[in-house]
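Subject: Structure for your review: salt bridges

Dear colleague,

Please find the structure below, together with its sequence. My notes on its salt bridges follow.

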Amino acid sequence: MRKRKLTIEYTDYFSVEEMEPQDQELVAAAIEAQKGSYSPYSHFRVGAALRLEDGTIIKGANQENNAYPAGLCAERTAMFAAGANYPDKAFDTLAIVGSDGNGICDNPATPCGECRQVMAEYQTKGKRPLKVILVGAKKIQKFEKVDDILPFIFDSLKSGEIF
C-alpha cells in the first residue's frame, strides 16, 4: 500500500483589476455572454468565453429546455462552437461566470462533470494546458490546467503526460 497526496494550485483574485489584461478581457466577454442565456426554468444565467491560441474569443451561454436534460451548459456551447468553427486551433483559456436574479454570484460557479471532461478532451486534443477562470463577484479563481479541476481525467487511451 502507498498513501499519496494530491495538491492543486490556483490563484485567487479579489477583483478583476488584479488580473492580466488578456484575462480581464476574457472575463468581460464571459459576463457579456450571459446575455445569450436561455434559462427560463432555473433563472441561473451562465456565460463562458473561450480564448483560442490565436487570440480569437468564442462566447457561449447556457441553453435550457423544457425536456430536461436536452439543454446545454455555457462552457460546452462555447467549446463546441470553437471546435466546429476552428477545428485546428488549440484552446488557451476558458472563463465562466454565473448569475442569479441578484447579479453575479458571490462565489464562482463551477463547471459540471460533463463540461470538465469536455475541457479535458480539448486540452488533450490541443496538446497544451487549458487554463480555467471561475468568476464570482467576491473572488475569481484561475487554474493553470483542467487537471486541477478534474484531477483524474478519464482517458482510457492516454499512456502518459502530454505536457
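I begin with Arg128, which counts as partly exposed because its relative accessibility is 27%. Please note that the model is a predicted one. Arg128 belongs to a network in which salt bridges with shared partners join Asp23, Arg51, Glu53, Asp92, Arg128, Lys131 and Lys142.

Within this network, Asp92 and Arg128 form a salt bridge, with 2.7 Å between the closest N and O atoms. Asp92 is part of strand β4, while Arg128 sits in the loop between α3 (113-126) and β6 (131-135), so this pair ties together parts that are 36 residues apart in sequence. Asp92 has a relative accessibility of 11% and therefore counts as buried, the cut-off for that class being under 20%.

A salt bridge also links the side chains of Asp54 and Lys89, at 3.8 Å from N to O. Asp54 is found in the loop between β2 (45-52) and β3 (57-61), and Lys89 in the loop between α2 (74-85) and β4 (91-100); the pair therefore ties together parts that are 35 residues apart in sequence. Asp54 counts as partly exposed, at 41% relative accessibility, and Lys89 likewise counts as partly exposed, at 33%.

Glu32 and Lys35 form a further salt bridge, in which the closest N and O atoms are 3.3 Å apart. Here Glu32 counts as partly exposed, with 36% relative accessibility, whereas Lys35, at 65%, counts as exposed.

In total, the structure holds 11 salt bridges, including the three pairs described above.

Yours sincerely

Note on methods
Residues are numbered from 1 along each chain as its sequence is written. This is a predicted model: local features need pLDDT of at least 70, side-chain atom pairs count only at pLDDT 80 or more; totals for chains, interfaces and linings use all residues. Side-chain values use heavy atoms; hydrogens and water are left out. A salt bridge is a side-chain nitrogen of Lys or Arg within 4 Å of a carboxyl oxygen of Asp or Glu. Buried means under 20% relative accessible area, exposed over 50%, partly exposed in between (1.4 Å probe, protein chains only). Helices (H or I, at least four residues) and strands (E, at least two) are DSSP runs, numbered from the N terminus.
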